[in-house]
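Biologist: Could you walk me through a structure I haven't looked at before? I'll ask, you answer.

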Amino acid sequence: MKISIKKLSLTYLTFSFLMITAPWAHASPPVVTYPMIPVGTPENSSDQSTGFGAVSEPYTIGEYDVTIGQYTAFLNEIAQTDTYGLYNSSMTNVLNTAGITRSGSNGSYEYTVMNNSGDSSNRPITNISWFNAARFANWMANGQPQGGCETSATTENGAYDLSVADGLYAQNKSTELRGKYGCVEYVKSPTSSSSSSLKDMPQAVIAPAKNTENPNTHSAPTYYIPTENQWYKAAYYNQCAGGSYSLYATHSNETPGNSVGDENNQANYLSESTGYSVTQSKNFSASQNYLTDVGAFPNSSSFYGTFDQTGNIWEWNDLDGTASASKGLRGGAYTSTPPYLKSTYRMGYLATRYNPNGGFRLAGAEGICAGQLCSKSKLILVC
Amino acid sequence: MRLKLLTISQAILLSLFITPVVYANNDLGIGSLFNVSSSGTPANLNITLCLNSSGPISCQNYSVTGLTLSISTNIPNHSYPNAGIKINTAGYTPSGCSLISNGYCVFSASQNTPDSIAIAENNPTSFSYPMVAITAPGNSADITGFGAVNYQYEIGKYDVTTSQYTDFLNSVAQTDTYGLYNSNMGTDLNIAGISRSGSSGSYSYTVMSNSGDSSNRPITYVSWINAARFANWMANGRPTGAEDSTTSENGAYDLSTIDENLENLNPEAPSKNNVNPNTNNAPTYYIPTENQWYKAAYYDPELDSDMGGYYLYPTQSNTAPGNSIGSSANQSNYFTTVFSLTQESIYISMEQNYLTDVGAFSNSASYYGTFDQGGLVWQWNDLDGTELPYRGLRGGYWWSGSIPLQSVLYSTDSITRASNDIGFRLAGPV
């Protein structure tokens with residue numbers, strides 16, 4: 001009799017444990033609130049001076065870059081076992097942009113937002129490869145699953161199917177990680193390889209095209225990395241001024257100033273006259289934070305109302321959306337002088353690589369704005 | 001009769017030797033200050049001579065008819081250590097004297113010991129632009145998709161320099177119809193540069209001294225269009241004349257569409273000509289395609305057991321270079337936590353030169369022997385050569401971090417961009 005009771009309670013305990021990590025946990029409030037801005041006027045013309053900016057469909061885009069606080073919350077949900085390196089030590093060690101600290105051991109990692117000359121929560125996350133930006137997009141598109149592993153249900157599929165990349169990653173890594181700590185990896189056989197002689201270089205992995213359907217939700221992905229045209233239109237297009245484009249994403253053709261605060265047409269960049277934005281000094285220090293909080297220039301948004309598409313950090317874009325080894329970066333960073341901030345300048349970078357001055361913002365489906373996540377003040381634009 | 005003959009001899013003498021034409025700033029209030037005789041190669045030149053050229057004060061204009069001058073003063077018992085000469089006729093440079101920033105060339109003059117000044121006609125075709133051969137045709141592309149070139153070609157060992165661009169300007173830009181000179185070349189002391197004197201129709205250009213001779217530093221403030229003009233001029237055999245289809249406006253690139261609408265803010269770069277209309281042959285100089293630039297910078301046919309492979313940096317290295325000038329391996333002019341040239345972390349905007357001479361990092365070449373493909377200045381490339389409003393930039397510059405030096409980063413910008421961080425090198429057929 002006693003034995004049966006013990007069995008019952010064990011069953012009950014097991015059941016309780018399952019409840020905590022069960023899929024119904026998705027009904028919890030979202031971990032991350034990421035405001036989106038609707039970008040209207042579909043089928044606009046491209047910018048004649050560059051050929052970019054034409055977008056055929058309505059869409060939404062992040063009002064701000066994804067922040068250190070948001071990325072930390074993401075890691076704490078999904079990267080207790082960090083199978084695919086969503087965290088890297090540069091997020092802690094590069095004080096120009098730090099960051100996030102990690103404690104504990106694999107299987108029970110915990111992540112904390114750093115205080116780095118002030119709380120870094122609302123500064124943009126950097127040291128993000130295109131692949132890790134895609135993982136964050138997947139997680140958002142999968143409804144921010146809470147707790148668990150880096151799997152096809154959480155980070156490795158959703159907007160982007162990263163299984164081929166993960167296969168190559170696992171090949172390069174020690175295979176010890178596989179199957180440990182209760183996290184089962186999602187690994188397919190690699191379908192591409194490289195003959196590169198660069199043993200110490202991240203292997204070129206083809207960044208996949210966005211899924212037309214999220215296999216986890218059976219509908220179109222709700223969050224994703226903006227294409228170059230989507231990013232460009234949100235930054236520079238003005239649907240009221242006869243469909244013209246500005247040179248800077250501060251709704252201006254004049255070079256911005258770099259004073260933090262509420263003046264018009266300001267941005268976080270490197271001025272030849274005043275120096276770095278945060279310090280207003282032309283002297284560089286490896287131990288100085290140079291990031292500003294997202295939205296720190298409240299009267300310097302784009303026409304549509306996005307902040308910091310000029311300066312602060314370079315932002316990933318998905319180029320034309322086709323699969324490719326390199327992806328785009330635009331907008332300039334705290335390290336950039338004015339020519340690099342302009343709509344005319346663009347970079348491409350290997351999608352597996354990351355930098356202290358590069359991060360991202362997400363784009364999303366038009367329908368996201370039916371919910372509560374959109375900035376309501378920007379919903380109706382009056383010309 | 002006798003008097004008349006004497007007068008004629010005197011006239012001949014004058015025309016051969018001494019012809020003070022205009023008295024300028026003649027504060028001595030007397031006649032000819034200098035005694036000038038000319039000989040050697042005939043030429044008709046207008047010159048200005050000053051007793052003190054650093055002022056300049058006590059100056060007179062003279063005409064001379066030969067390129068070798070013997071100059072003394074007509075002022076007894078005094079020597080002038082800072083006398084100076086300026087050649088007012090474009091296309092000539094004096095030697096045997098010391099050129100200073102106001103355009104005068106300083107020498108020492110006295111009555112009894114004539115000083116000899118040699119004048120040389122500028123010969124823009126004389127500079128050398130060394131090229132290296134890029135072998136191993138048919139190589140595979142890098143993991144980035146770039147670098148495969150299935151034919152042999154050559155590429156500039158160095159960036160085009162300030163003095164080379166100055167020679168180009170002196171050859172074609174006496175009337176600078178299309179803006180080959182950018183005034184920032186003379187005023188932005190981070191990179192200067194070239195000064196321009198005279199007026200339209202007789203502009204002349206001089207390499208500046210800016211914390212040292214800037215001759216062998218890379219030229220900056222060149223748009224893709226002006227880089228194409230330089231390539232045209234090289235492909236046309238470095239001719240002298242106005243900016244037209246035989247000198248700078250055609251050759252490797254037909255720039256007539258751009259020239260016909262200079263107000264167009266968004267011009268497209270034309271594709272390279274298959275045939276140079278001035279030579280009826282394939283262009284001998286042009287802007288490298290992105291693959292040509294990339295292969296020269298990063299490829300090494302001996303890597304991977306002679307299978308061939310690519311480095312991450314154009315210094316035959318997969319680790320970021322240092323930035324010490326000199327003969328250490330794997331060095332480059334870029335910003336680490338300090339600038340290369342000053343070794344300081346602070347940026348000085350108005351007075352500090354940041355350019356190193358091309359080839360200053362003597363043990364940091366690519367496999368093929370090119371220098372400065374990482375750091376110093378971004379260099380234009382022609383992407384895949386199709387018509388577009390933008391062109392490629394690779395390699396980073398003196399104020400960039402190490403990332404832009406990497407093979408895995410590319411960038412593009414408007415073909416009209418001209419700034420203190422961009423230059424170019426040329427490529428050509430074998």
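What follows is a chat about this predicted model, one topic at a time.

Biologist: Let's begin where the chains meet. How many residues does each chain bring to the contact?

Modeller: Both chains take part here, and their shares can be counted one by one. Chain B puts in 30 residues. From chain A the contact takes 32 residues.

Biologist: Which element gives the largest share on the chain A side?

Modeller: By class, that side of chain A has eleven nonpolar, 16 polar and five charged residues. Five residues come from a single strand, covering 346-350, and that is the largest share. The strand is S10 of chain A.

Biologist: Which strand of chain B does S10(A) join, and how do the two run?

Modeller: Four bridges link S10(A) to a strand made of residues 409-414 of chain B. One bridge pair there is Tyr349(A) with Leu409(B). The partner strand is S19 of chain B, and the two run antiparallel.

Biologist: Now the inside. Which helix gives the most to the largest nonpolar core?

Modeller: That core has 93 residues, and those with the most contacts inside it are Ala133(A), Ala134(A), Ala137(A), Ile225(A) and Leu362(A). In soluble globular proteins, nonpolar side chains tend to be buried together. One helix of chain A, residues 130-141, supplies nine residues to the core. That helix is H4.

Biologist: Which residues does Ala133(A) touch, leaving aside its neighbours within four places in sequence?

Modeller: Ala133(A) is one of the residues with the most contacts inside the core. With the sequence neighbours set aside, its contacts are Ile128(A), Ile225(A), Trp316(A) and Phe360(A).

Biologist: How many residues does the other core have?

Modeller: This core lies apart from the one we just discussed. Its members include Ile155(B), Ile258(B), Trp293(B) and Phe335(B). In total it has 72 residues.

Biologist: There's an open sheet of three strands in chain B. Which strands stand at its edges?

Modeller: The order in the sheet is S9-S10-S21, with antiparallel pairing. An edge strand has a single partner strand, so one side of it is left without a neighbour in the sheet. The strands placed like that are S9 (131-134) and S21 (427-428) of chain B.

Biologist: Which residue stands opposite Met131(B)?

Modeller: S9(B) is joined to S10(B), residues 153-156, by four bridges, and the two run antiparallel. The residue facing Met131(B) is in S10(B), and it is Gly156(B).

Biologist: Which helix packs on that sheet?

Modeller: The helix touches S9, S10 and S21 of chain B. Its direction makes about 75 degrees with that of S10(B). It spans residues 290-298 of chain B and is called H6.

Biologist: How far apart are the centres of the two domains of chain B?

Modeller: Chain B is divided into domain 1 (2-121) and domain 2 (122-430). Seven residues of domain 1 are in contact with ten residues of domain 2. By class, the domain 1 side of that contact has two nonpolar, four polar and one charged residues. Taken over C-alpha atoms, the centres of the two domains are separated by 41 Å.

Biologist: Back to chain A. Is Gly311(A) buried or exposed?

Modeller: Gly311(A) sits in the loop between S7 (244-245) and S8 (314-317) of chain A. Beyond its sequence neighbours, Gly311(A) touches residues including Ala267(A), Tyr269(A), Gly331(A) and Leu341(A). The cut-off for burial is 20 or more other C-beta atoms within 10 Å. Gly311(A) has 29 C-beta neighbours inside 10 Å, so it counts as buried.

Biologist: Which residues show a positive phi in this model?

Modeller: Most residues other than glycine have a negative phi, and most peptide bonds are trans. One residue with a phi near 75 degrees is Asn312(A), which is buried, with 33 other C-beta atoms within 10 Å. Another lies in the loop between S15 and S16 of chain B and is exposed, with 11 other C-beta atoms within 10 Å. With a phi near 55 degrees, that one is Gln343(B).

Biologist: Last one. Which residues does the cis peptide bond in chain A join?

Modeller: Its omega is about -15 degrees. One of its residues lies in the loop between H3 (90-93) and S3 (100-103) of chain A. The bond joins Ala98(A) and Gly99(A).

Note on methods:
Residues numbered from 1 in each chain as written. Chains lettered and ligands numbered in written order. Predicted model: local features only at pLDDT ≥ 70, side-chain atom pairs only at ≥ 80, totals over all residues. Contact = placed C-beta atoms within 7 Å. Nonpolar A, V, L, I, M, F, W, Y, C, P; charged D, E, K, R; others polar. Pairing = 2+ DSSP bridges. Core = buried A, V, L, I, M, F, W, Y, C linked by C-beta atoms within 7 Å. Buried ≥ 20, exposed ≤ 12 C-beta atoms within 10 Å, placed from the backbone. Axes fitted to C-alpha atoms, helices over the stretch in contact; angles between N-to-C directions. Domains from an automatic or database assignment.
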